[in-house]
Amino acid sequence: MHKKLLLLLLLTLPNLLISQIIHKEIASSKMGKERQLKIQLPRNYEQNKEKSYPVIIVLDGDYLFEPVAGNIDYYSYWEDIPEMIVVGINQSATRESDAYYDENTFLPSDTGAAFFEFIGMELMPFLDSNYRTGSFRVIVGHDFTSNFINYYLLKEKPLFRGYINLSPDLAPEMANRITASLEKTTEPIWYYLATSSEDISALKEPILKFDSQLKNINNKNLQYNFDNFQDATHYTLVGNAIPKAIEQIFKAYRPISIQDYNSILLQTSVSSYTYLVEKYETIQNLFGIDKQIRLNDFMAVYNAMEKTRKWDELKDLAKLANDHYPNTMLGTYFDARYDEEMGNPKRAMRSYQKAYGQDPISFLTVDFMLNKADQIKKDFNY
């Protein structure tokens, strides 16, 4: 009996450690019927009761949901992007009617207008009421539905901040309308566009022309990225584009990279401390996430200060470390290094000794800190 219970526990335990997939139906008065949803909640969603999450809406959820959700789960696991709530809308039987637009105005009409209102007036309020959603929202579409997601950019206050366009089947005037909208946006917008060498010709040529228009936009609020994948088809480009789009939208969120370290932090004209603070302020301002500074980012900035000999910045770094990792040795170590380099060895020795009773972190242990104190005591005969 005990062995059976243990086996059951081992079989069910992995399910507690992966993202949760929920299948739901939501009634729509706008469309006069129910719509099927797939919802992926982040790992540990139930444990983090106070945490809210960005939302990504995936049109063509029948086949796009899984690749998007899988990439979101993978990248967020490694903290390259924030954890997100992923919502797919199934459209296998309705995608053309959902994306319908008037042949004269080229704007959503009839069933297309109803679907447009369903997302903004029914789906998003439903998600906000039932899940801990954040303010940062992204939407994804492919050919017909990719064209459709752009209509939200024509609103004075767009519902979404990020747009992932996978080989859009652009409506007449869409390229000009979106270019005009992005030229004047006063809010940060992330816009991703993709095609491929083997894409459908009738789609590829307008996309390439659209790309040339977007590249000429001079607006600091627009983050635009384009990919033309070689040897990919209209369908296989999706697998290439999704991770690229996700990486580019959340570039500011990722940890400090080796390239960032070499090209930015090691420049003597750059304040490593200011760079670190502004990086996390950007994460807060752009994505609405109040994130604890990563330990590896602290160490990257500390190593840069050592390399560039910016000892005066260590004092501020120590205060910041104490705020984010209280009761640990991290801030104490930075304080001690500051005093060492500023010619106060006795104060540095006392700081190292202060680590006794604090929590170890990274390479900092009681033995390491006390050995540093003993070395100063020996060198200066204290």
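A polar contact here is a pair of N or O atoms within 3.5 Å, where one must be able to donate a hydrogen and the other to accept it. Keep that in mind as we walk through this predicted model, beginning with a single threonine.

Thr185 sits in the loop that runs between helix 6 (174-184) and strand 7 (189-198). Its side chain makes a polar contact of the kind just described, reaching the backbone oxygen of Glu187 at 2.9 Å. Is Thr185 buried or exposed? Thr185 counts as buried because its relative accessibility is 13%, and the cut-off for buried is under 20%. Leaving aside residues up to four places away in sequence, Thr185 touches Asn219 and Asn221.

From here, let's turn to the pockets. The largest pocket has a volume of about 390 Å³. Its lining is made up of 20 residues, and those nearest the centre are Lys51, Glu79, Glu83, Tyr253 and Lys291. Sorted by class, the lining of the largest pocket holds eight charged residues, seven nonpolar and five polar.

The second largest pocket encloses about 330 Å³ of space. It is lined by 14 residues, with Trp190, Gln223, Gln248, Ala252 and Leu286 closest to its centre. Which elements give two or more residues to this lining? They are strand 8 (222-233), helix 8 (237-249) and helix 10 (272-287). The lining of the second largest pocket divides into seven nonpolar, five polar and two charged residues. If you set the two linings side by side, you will find eight charged residues in that of the largest pocket and two in that of the second largest.

Terms used
Residues are numbered from 1 along each chain as its sequence is written. This is a predicted model: local features need pLDDT of at least 70, side-chain atom pairs count only at pLDDT 80 or more; totals for chains, interfaces and linings use all residues. Side-chain values use heavy atoms; hydrogens and water are left out. Helices (H or I, at least four residues) and strands (E, at least two) are DSSP runs, numbered from the N terminus. Buried means under 20% relative accessible area, exposed over 50%, partly exposed in between (1.4 Å probe, protein chains only). Contact means heavy atoms within 4.5 Å. On a 1 Å grid over the protein atoms alone, a cavity is a set of points where a 1.4 Å probe fits but cannot get out, and a pocket is an open set with protein on both sides within 12 Å along at least five of seven lines; lining residues have an atom within 4 Å of a point. Grid points are joined across faces, edges and corners, and a volume is the space filled by probe spheres set on the points. Ala, Val, Leu, Ile, Met, Phe, Trp, Tyr, Cys and Pro count as nonpolar, Asp, Glu, Lys and Arg as charged, and the others, Gly among them, as polar.
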